[in-house]
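Please open the model in a viewer and keep the sequence panel at hand. The tour below proceeds by selection, one stop at a time.

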Amino acid sequence: MAMMVDETIPDFDYYGSLSTTTTTTTTTATTTTSSSENDHDHGCTWNDWSPVLDWGAFSGGDKFQDLIESMIQGHNLTGGVNVNFHPSVNYFWKSISSEDSAGLIEEDYLEDSNNNQSADINGLKLVHLLMAAAEALSGVNKSRELARVILVRLKELASPNGATNMERLAAHFTDALQALLDGAASGTLHAKHMFSPNYKDEQHQGDVLAAFQLLQDMSPFVKFGHFTANQAILESVAHDRRVHIVDYDIMEGIQWASLMQAFVSRKDGPPTPHLRITALSRSGSGRRSFGTVQETGRRLTAFAASIGQPFSFHHCRLDSDETFKPTNLKLVRGEALIINCMLHLPHFSYRASDSVASFLSGSKNLNPRLVTLVEEEIRPIGEEEGFVGRFMDTLHHYSALYDSLEAGFPLQSRARTLVERVFLRPHITGSLARIYRVREEDERYSWGEWLGAVGFCKSNISFANHCQAKLLLGLFNDGYRVEEIGTNKLVLGWKSRRLFSASIWNTPDTDL
């Protein structure tokens, strides 16, 4: 049924805080001092973009700046990055005062080269060598010695600081293939650290926060997932007094600060609902996982108090094998239950398939109001294509990702290098290790397809949600695109390649 876009469109709660940030303060003060800075030109008047929506109602405000700044307190160590944030529609880095990080976001664009044809030839050579190395590591004619020789040549041609995307990407893929070769030779190929690297354990926390902020500012990946999920949540609980969100991987809680602000910014309808968030923590990760979740809870609690959002925070431990038991959750009668699951985005750690399946299948027994799922898009690969086919598809995926980042990051900037080192290199290493070791059916499916197969029902993506995604992408390079797949799924892509998707689900017995 067609929708008329005119004065007859009903009012709705719009998740429009395009300063999507983030999580958290460590104080419990309920008031904050106002900023002394003058208003800044945001570079975009949102009300001019949309005749329907009041984008101006969702300015970030000083509280978002306080929230962000509290996250990085204590992380300005030698080698770290100290940043001050200004909340705006596309808020930006105001300063980077660490000596080691000086000039991180300077506009040191690579001077245009007249050797484009030579670069294309070199890029094609790198692709052929990478494919040859992958073939040497697998198949009937595999040869470790041949693979070793090819990788030596690749290391001569590729560099993580190279002058082209392909050089930089090939360097990370070369390192990942080298890890596979070394792991196969030493018998440690199936060690957990190989296929599930955790960037938080390997990187300086200040670098992680800085890289995340850069990724959020310069690409739509983070905002797309958060905005689409939160808009669906707002629509589904528009008349509820109590809302309970169970978050599979809360990270620093960035998503929920903006949802809170959207709740308290509603002009019409019932009072601001009480929001309860239950975050899952992983027993197998020890104190660090538990402590990180607790700290996120303290920050979100402080932020909620500062804006007048009724809020409580709980955590639920997964078993040592990361399985989920619904009976461990504290449920309260009368709460609208929401299940939120963000998977394998650039800034997320990898979660094993068994753990994800345990969480989603267990959630079905709870009869949630809504399930929001954001995941990396994976192209189906035929079994006959084997490791080489999956390898080339992974290379294609990250090549599109790198090309998209170039639209927001100068290729030779230290900001771009930081994002690649902190997030993308570990993801590439983990991706190749997983597709090398696992059976075809273990990894090459969409979790959205899985939800449909086990009995979840599609919940329609609203017209407003689709419009919001298009407006968001309007802030970035025109190479980004959004498409609606079926009735419940939006896909974010770069040119012809689908990168990430957000889908909305419920259960057959859901009381809407």
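The stops that follow cover strands, salt bridges, a surface patch and several single residues. The model is a predicted one, and local features are described here on that basis.

**Stop 1: strand β11**

Select residues 497-506, which form strand β11. Nine of the ten residues in β11 are buried, so the strand is largely enclosed by the rest of the structure. Three pairings of β11 can be visited in turn.

Add strand β7, residues 370-376, to the selection. Strands β7 and β11 pair in the antiparallel sense, with six bridges between them. To find one of these contacts, display Glu376, whose bridge partner in β11 is Phe500.

Next, select strand β10, residues 489-494. Strand β10 is also paired with β11 in the antiparallel sense, over six bridges. Here Gly493 has Arg498 as its bridge partner in β11.

Finally, select strand β8, residues 457-458. Strands β8 and β11 run antiparallel and are joined by two bridges. Cys457 is matched in β11 with Asn506.

**Stop 2: the turn between β10 and β11**

Which backbone angle deserves attention in the hairpin of β10 and β11? Two residues lie between the strands of this hairpin, and Lys495 takes a positive phi near 55 degrees. Lys495 is not a glycine, and its place is in the loop between β10 and β11. With a relative accessible area of 54%, Lys495 is exposed, because the threshold for that class is over 50%.

**Stop 3: a second positive phi**

Move to His344, in the loop that runs between β6 (336-342) and α12 (353-364). His344 is not a glycine, yet it has a positive phi of about 60 degrees. Is His344 buried or exposed? Its relative accessible area is 14%, and His344 is therefore buried, the limit being under 20%.

**Stop 4: salt bridges in helix α11**

Side chains of opposite charge can pair when their charged atoms come close. The model contains 15 salt bridges by the rule applied here. Two of them can be inspected by displaying Glu295 with Arg298 and with Arg299.

Select helix α11, residues 287-307, which holds both Arg298 and Glu295. Between Arg298 and Glu295, the closest N and O atoms are 2.6 Å apart. These two residues are three positions apart, about one turn of the helix.

Now turn to Arg299, whose side chain meets that of Glu295 in a salt bridge of 3.2 Å, N to O. Arg299 and Glu295 are four residues apart in α11, so about one helical turn separates them. Arg299 has a relative accessibility of 11% and counts as buried.

**Stop 5: Glu483 and Arg481**

Display Glu483 together with Arg481; they form a salt bridge in which the closest N and O atoms are 2.8 Å apart. Glu483 counts as buried at 18% relative accessibility, whereas Arg481, with a relative accessible area of 26%, is partly exposed. Next, select Arg168, Arg416 and Glu420, which are joined into one network by salt bridges that share partners.

**Stop 6: a positive patch on the surface**

Select Lys142, Arg144, Arg148 and Lys155 and show the surface: these residues form a positive patch. Where does Arg148 lie? Arg148 belongs to helix α4, residues 144-157. Its relative accessible area is 30%, and Arg148 is partly exposed.

**Stop 7: two pairs far apart in sequence**

Select Gln231 in helix α9, residues 221-236. Gln231 counts as buried, with 0% relative accessibility. Then add Ser462 and draw the distance between the two C-alpha atoms: Gln231 and Ser462 are 231 residues apart along the chain, and 8.9 Å separates their C-alpha atoms.

For the second pair, select Thr417, which lies in helix α14, residues 414-437. Thr417 is partly exposed, with a relative accessible area of 26%. Which distance separates Thr417 from Asn161 in space? Their C-alpha atoms are 7.3 Å apart, although 256 residues separate Thr417 and Asn161 in sequence.

Methods: Residues numbered from 1 in each chain as written. Predicted model: local features only at pLDDT ≥ 70, side-chain atom pairs only at ≥ 80, totals over all residues. Heavy atoms only, no water. Patch = residues over 30% accessible without salt bridge, like charges linked within 9 Å, V, L, I, M, F, W, Y side chains within 5 Å. Areas by Shrake-Rupley, 256 points an atom, 1.4 Å probe, with all protein chains shown as cover. Salt bridge = Lys/Arg side-chain N within 4 Å of Asp/Glu carboxyl O. Lys, Arg positive; Asp, Glu negative; His and termini not counted. Charge placed at Lys NZ, Arg CZ, Asp CG, Glu CD. Buried < 20%, exposed > 50% of the residue type's maximum accessible area, 1.4 Å probe, protein only. Pairing = 2+ DSSP bridges.
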